[in-house]
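Hi everyone, thanks for coming. I'd like to walk you through some side-chain contacts today, so have a look at the model first.

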Amino acid sequence: MNYGEQQIKNKIKNLASPKGKVINRIRLYSIISLVVILLASLLVLGFSVAGLLRGLVDSAPSLDDVELMPSGYATTIYDADGNVTQTLMGSDANRIYVDIGQIPEDVQHAFIAIEDARFYEHKGIDLKGIIRAVYTGVINHNGLEQGASTITQQLLKNQVFGGGNETSFFARFTRKIQEQCLAVDLENNMDKDQILEYYLNTINLGQNTLGVEAASKRYFDKSVSELNISEAAVIAGITQNPSEYNPITHQENNAAKRKLVLKAMLEQEFISEDEYEDALGEDVYSYIRQVNEKKSSAKSTVNSYYVDAVIDSVIKDLKQELGYTETQAYNALYRRGLKIYSCQKKDLQDICDNVINNDKYYPKETIKYLSYALSVKSTGGEILQYTENDIKSFYSSTKGRDINLYFKKKKNANKYINAFKKKILNDDSQIVDERINFIKQPQASFVLLDQHNGQVQAIVGGRGGKTADRTFNRATSSKRQPGSTFKILSTYLPALDTCGMTLANVEEDAPYKYPGTNIMVRNWDSTGYKGLITLRDAIASSNNIVTVKTFEKVSPQTGFDYLLNLGFSTLVDKKHSEDGKIYTDIQLPTALGGLTDGVTNLELTAAYASIANGGTYIEPVFYTKIVDHEGNLLLENKPDTKRVMKESSAWLLTNAMKDVISYGTGTAAKFEDIKTEQAGKTGTTSDNTDYWFEGYTPYYTAGIWTGYDMNTPQPQGNFHKKMWKEIMEKIHKKMRLEEKSFPKPDDIVSCNICTKSGLLANSDACTFAGDGAQIRTEYFANGTQPHKKCNLHISPAYAG
């Protein structure tokens, strides 16, 4: 604007006037005030931001209170020869820790090259990396996602901040600030190698693996210490996105990433040009596919029955011996990297599995039991559960028919299933889960024990495929009536051991009722009563009447006490039922194995093992020791050992049970291909519901059971005894065991007795008595042998 001279004079006059001075002063004060307010606002904002940052820093976890070393490790179970039989892992636990010295430099450099090129230069945070990340984020509009975190920060994110899965900006901002502060603090207190070691054992590398060792075994089937440059680049390339860069499911993505890793290693002079070219040219993915096919086609990862038994035993012992809670024991087993050394002999287990699961040994009438589980979401959102029992009830209530759930053909079972579903489902119903399993029948279980140390060297908990972990184990958990196998333990053991009886004692096999009742005791066979017979012959022929009469003399209480001392945990002293009845196993039917609940194969076999072991009971064990992740002995499993009978009693019972196999009820179990001595006892319950054979050699004790899960009658036969024989012969051959006899104690004596009186034989009179009497050499514990002559058969010379 151009002013004339007069205008300029007027302007100066106005400014110099009192009114102009006031206006100018107001304008000046306004400007000053705005500047002051702006500065104050900036100062307040600065203090606020500083306070916020200070608060975030102060609220960060202390390094003294956090554990940077990975804590979730897989537990390994070994067999008796040191071979891995199973790996147990919970969430965040498939990790095998290795120290930095076991990780090749090429592997270390591969991760450093792609994740943190200035790892050995920065002090926890990489300012150049942050600037690059900010620039890249602005250009690509994707935030701070590339290069912003050092290896130190990633370790903290994984171990302290739960992996950095925040859902809000402020939460991410808070974690990032605290992470950076802790990273600086950590680098001031821990050397680079230790930080790198923790990091390489922490990272998620896909396929449910954590850390470089687990990943190396999964993708290359070898230890990380054996990886070459190309293989190291494959694993390092997974880190930033384990799903996207998985070398099995996304090979092309991983291959591209591998090239970037190798290029970065070359640029950072971790490898030479020649090494770079060689690594690029290696066909690592063909080998990865081979390893994956091998692992995929390997046997199911479902626990074996033996592993299930080890798990149950370990959890029980951690609670009882170390005071763990159930949760603590479970976490220790699945997350603390324990090493459990089991007693299982793989070769012997294979023999047992192969025989028990071979259909040729079973009756041709083999059928299948329907096991069914159905989960349905109703219209109202409620989840309804149904089982095979609901199918059975459905047919009973609506069709007026009883079905037993046993089928020869699967298609017949499917008809029942479809009819049941048609009835319960409507248009709005949603099936959440349906499981149909056909379980072979009759079922079976087998236990193999080394009687000298109590170690269970093999078990089979069922016949047919095992579909899940910790399912019903018929060897350790199924309580079944033991039948005549109990006669030895309940009756003849206490009779010989403490009641003054001998194998020469006689009882009359004649019509007999349980005392005080009208209930007849019946023998299992139909060949008629035998009159006076010795206890030895009663054992060999499994005579019920003589057993009950002997048990009455022993007394049910004494027999019960012996059974408890033999390790049985399922016997009933006294139990009140809901209908007011009282049940007890302190009763005469216990002599024949008539129990309230029953016994398990494991405990029955362990009881027989005490006889085989010369009268010393050793608690059966599935493992010898547990070592923690640091290599310290956590638990040593020394079984309880106690003498439960005289050595002479054990030998006499063994000698009598040799006759069971030689000419008694167990001849089908008699060895044909080996000459080692054997002893055992058969057992059959009413209607052939249960078949048992418990037997032993000088080396092993084994018990077999067969039966239908729902307690229905089995076809008549000796197939279970033949299976026992087949397994034991194969085991003794496999172990190349020499022929051996049962050692006889020094206090065993013998004399000739009459089998009708049990007294010393009158040779002529007893031989020609005509009442079936025989003269037999019988064995006795010294001091219990008879001194009187037979009083039933008097020789003429003696009479005159």
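**A tour of side-chain contacts**

Let's begin on the surface, where Ile31, Val35 and Leu39 make up a nonpolar patch whose accessible area together is about 290 Å². Please keep in mind that this is a predicted model. Ile31 belongs to helix H2, which covers residues 18–58. Its relative accessibility is 54%, so Ile31 counts as exposed.

Another residue to click on is Leu260, in helix H10 (residues 251–267). Leu260 has 51% relative accessibility and therefore also counts as exposed. If you check the backbone there, the C-alpha atoms of Leu260 and Ala113 are separated by 9.4 Å, although these residues are 147 residues apart along the chain.

Now for the rings. There are 21 aromatic pairs in the structure. One of them joins Tyr306 and Phe622, in an edge-to-face arrangement with 5.4 Å centre to centre and 75° between the planes. Tyr306 sits in helix H13 (residues 305–322), while Phe622 sits in the loop between strand S14 (616–618) and strand S15 (623–627), so this pair ties together parts that are 316 residues apart in sequence. Are these two rings buried or exposed? Tyr306 is buried, at 1% relative accessibility, and Phe622 is buried too, at 5%.

A second pair to look at is Phe486 with Phe568: the ring centres are 5.3 Å apart and the planes meet at 70°, so this one is edge-to-face as well. Here too, distant parts of the chain are linked, since Phe486 is in helix H18 (residues 485–497) and Phe568 is in the loop between helix H21 (556–565) and strand S12 (575–576), 82 residues apart. Both Phe486 and Phe568 are buried.

Rings can also join into something bigger than a pair: Tyr386, Phe394, Tyr395, Phe407, Tyr416 and Phe420 are linked into a cluster by ring pairs.

Some rings have a charge over them. Lys192 lies over the face of Phe119, 4.5 Å from the ring centre. Likewise, the charged end of Lys466 sits over the ring of Tyr305, at 5.3 Å from its centre.

On to salt bridges, where the count comes to 27. In one of these, Lys345 meets Asp81, with 3.7 Å between the closest N and O atoms. Lys345 is in the loop between strand S3 (339–342) and helix H15 (346–356), and Asp81 is in the loop between strand S1 (75–78) and strand S2 (84–88), so the bridge ties together parts 264 residues apart in sequence. Lys345 is partly exposed, with a relative accessible area of 22%, whereas Asp81 is exposed, at 52%.

Asp433 and Arg435 also form a salt bridge, at 3.1 Å from N to O. Of these two, Asp433 is partly exposed at 31%, and Arg435 counts as exposed at 55%. There is a network as well, in which salt bridges link Asp221, Lys294 and Lys295.

Last, the cysteines. How many disulfides does the structure hold? Zero. Why is there no bond between Cys766 and Cys754? The sulfur of Cys754 is the closest cysteine sulfur to that of Cys766, but they are 3.7 Å apart, which is too far for a bond; the cut-off here is 2.5 Å. Cys766 is buried, with 0% relative accessibility. Cys343 is buried as well, at 1%.

How values were computed:
Residues are numbered from 1 along each chain as its sequence is written. This is a predicted model: local features need pLDDT of at least 70, side-chain atom pairs count only at pLDDT 80 or more; totals for chains, interfaces and linings use all residues. Side-chain values use heavy atoms; hydrogens and water are left out. Buried means under 20% relative accessible area, exposed over 50%, partly exposed in between (1.4 Å probe, protein chains only). Rings of Phe, Tyr and Trp (its six-membered ring) pair if their centres lie within 6.5 Å; planes under 30 degrees apart count as stacked, over 60 as edge-to-face and the rest as tilted. Helices (H or I, at least four residues) and strands (E, at least two) are DSSP runs, numbered from the N terminus. A charge sits over a ring if NZ of Lys or CZ of Arg is within 6 Å of the ring centre and within 35 degrees of the ring normal. Patches are made of residues with over 30% relative accessible area and no salt bridge: like charges are joined within 9 Å, nonpolar side chains (Val, Leu, Ile, Met, Phe, Trp, Tyr) within 5 Å. Accessible areas come from the Shrake-Rupley method with a 1.4 Å probe; for residues, only the protein chains shown count as cover. A salt bridge is a side-chain nitrogen of Lys or Arg within 4 Å of a carboxyl oxygen of Asp or Glu.
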